[in-house]
Amino acid sequence: MQGTSGIGQKQIKALPILVSLLLSGFIGMFSETALNVALSDLMQLLHITPATAQWLTTGYLLTLGILVPVSGLLLQWFTTRQLFITSLAFSILGTLLAALSPTFAFLLTARVVQAIGTGLLLPLMFNTILVIIPAEKRGAAMGMIGLVIMVAPAIGPTAAGLLIENLSWHWIFWLALPILIIALICGILFMQNVTSITKPKIDALSILLSSVGFGGIVFGFSSAGESEGWSSPKVIISIIVGAVALILFGIRQMKMKQPMINLRAFRFPMFSLGVLMIVLCMMVILSSMLILPMYLIKGQGYSAFKAGLILLPGGVINGIMSPIMGRLFDKYGPKWLVIPGLIIVSITLWFFSSISEASTVAFVIAMHSTLMIGVSMIFMPAQTNGINQLPRELYPDGTAIMNTLQQVAGAIGTALAVSIMAAGQKSYMSNVTNPEDPAHFLPAFTNGVQGAFIFGMIVAIVGLIMSFFIKRVVVSHKK
């Protein structure tokens with residue numbers, strides 16, 4: 001990844017651009033998950049309910065779900081430097097506002113501003129790397145992105161737990177601020193314009209349908225997973241309106257000469273399969289990342305800091321494995337990574353489905369680390385192989401599709417896991433003589449957690465069946 005890559009007549013210095021993108025991506029992902037550990041503290045300090053506090057995560061996801069689909073269009077309207085500097089400006093402003101937040105409403109606004117920065121940055125990061133890195137070295141470069149995307153959420157809860165115990169939740173953002181400023185300075189000095197500006201026609205109806213569609217789906221599933229339940233009119237209406245808007249959006253894109261997102265990318269079979277793999281993988285990752293810390297804190301009685309420490313080895317191992325898997329992908333292709341990866345994930349989630357109050361810390365660390373190794377074998381190889389099949393003019397659309405569906409899959413996976421967990425608790429309580437007895441809380445909660453892990457295992461098995469159809473793409477350099 002050193003040296004330069006020629007785009008037209010220019011020499012592109014790949015390494016400084018990569019460093020600027022990865023630094024800012026790391027902090028974007030870090031602050032997204034770090035705040036999750038602080039939610040219980042924020043409920044007490046800001047006098048809010050769990051359902052209200054959850055909006056700090058839902059609002060972030062919702063903004064990403066609305067903004068990321070538009071990113072394919074933005075990449076064709078603005079230069080790489082313009083988008084990078086704008087994304088960093090939003091991230092810095094949002095982080096500063098969050099660090100100074102006195103109230104919940106102020107903090108929620110800050111989170112939305114932060115999410116605008118992340119929503120602009122993620123597609124830009126993927127698209128820029130696809131342009132500046134030759135196809136035969138792309139697996140290693142995508143592995144570096146994997147390191148950022150996986151290590152930042154792993155470090156987030158541990159660092160946040162430490163800051164909350166010794167300082168205050170505001171320091172989660174004060175810690176992120178100087179690193180974002182360094183990334184901005186790096187970008188101003190080293191970022192080069194690597195994309196072609198075509199300025200396609202902006203279709204307001206497409207933007208509206210996309211925003212209502214993706215926004216409605218994310219909002220509906222998130223509300224169901226929080227406290228509303230699946231029977232709530234708000235949840236049902238949001239999901240139906242979102243689904244109808246997405247169908248209309250899809251029909252409109254296929255009829256347009258210059259679509260906002262070119263859905264013809266789905267005509268490439270390995271891209272379509274890669275998208276499905278990423279969707280299933282994100283459902284497993286995000287549902288596990290939510291359920292496991294919850295069980296360690298509520299079920300085992302650990303502090304946020306200790307729970308973060310228990311999950312840290314798995315996250316670090318995943319980060320270390322991502323670049324290794326990227327290089328193995330460059331050498332051997334996706335099949336010999338994705339299939340064994342899904343077998344490992346399925347078996348690990350089966351072990352997790354028997355988790356109980358008797359489960360030791362060593363068991364949780366070993367299983368979580370194994371799960372993360374399996375995930376690293378699936379995520380980047382499936383994604384890179386899918387994108388590699390696309391012609392270069394479809395890169396912005398391909399990255400927009402993958403990044404959007406990751407956010408939607410995360411919201412759906414989390415909501416389903418939480419709902420299954422709640423249903424498991426309810427089912428257990430309905431079979432005991434005295435549901436009010438506190439002695440029943442832990443067994444009921446454990447029953448719910450086991451059900452959520454069984455759901456994850458079923459998702460992984462579906463992915464495993466599909467993975468037998470994956471083939472290595474021979475990259476075409478034609479336009």
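Here are three short exercises with worked solutions on the structure above.

The model is predicted, so local features need pLDDT of at least 70 and side-chain atom pairs count only at pLDDT 80 or more, while totals for chains, interfaces and linings use all residues. Numbering runs from 1 along each chain as its sequence is written, and side-chain values use heavy atoms, with hydrogens and water left out.

**Exercise 1.** Find which helix gives the most to the largest nonpolar core.

Start with the term: a nonpolar core is a set of buried Ala, Val, Leu, Ile, Met, Phe, Trp, Tyr and Cys residues joined through side-chain atoms within 4.5 Å. Buried is under 20% relative accessible area, exposed over 50%, and partly exposed in between (1.4 Å probe, protein chains only). The largest core has 63 residues, and Val 345, Leu 349, Ile 355, Val 449 and Phe 453 touch the most other members. Helix H11 (residues 269-299) tops the list of contributors with 14 residues; helices are DSSP runs of H or I, at least four residues, numbered from the N terminus.

**Exercise 2.** Work out what Val 449 touches.

Contact means heavy atoms within 4.5 Å. Skip residues up to four places away in sequence, and you get Ile 291, Tyr 295, Ile 355 and Met 421. Apart from this core lies another, of 45 residues, including Met 260 and Leu 263.

**Exercise 3.** Decide whether Gln 253 is buried or exposed.

First, place Gln 253: helix H10 (residues 233-255). Next, check the area: Gln 253 has a relative accessible area of 0%, so this residue is buried. Finally, leaving out residues up to four places away in sequence, Gln 253 touches Ser 206, Pro 259, Met 260, Ile 261, Leu 263 and Arg 264.

How values were computed
Helix = DSSP H or I, 4+ residues; strand = E, 2+ residues; numbered from the N terminus.
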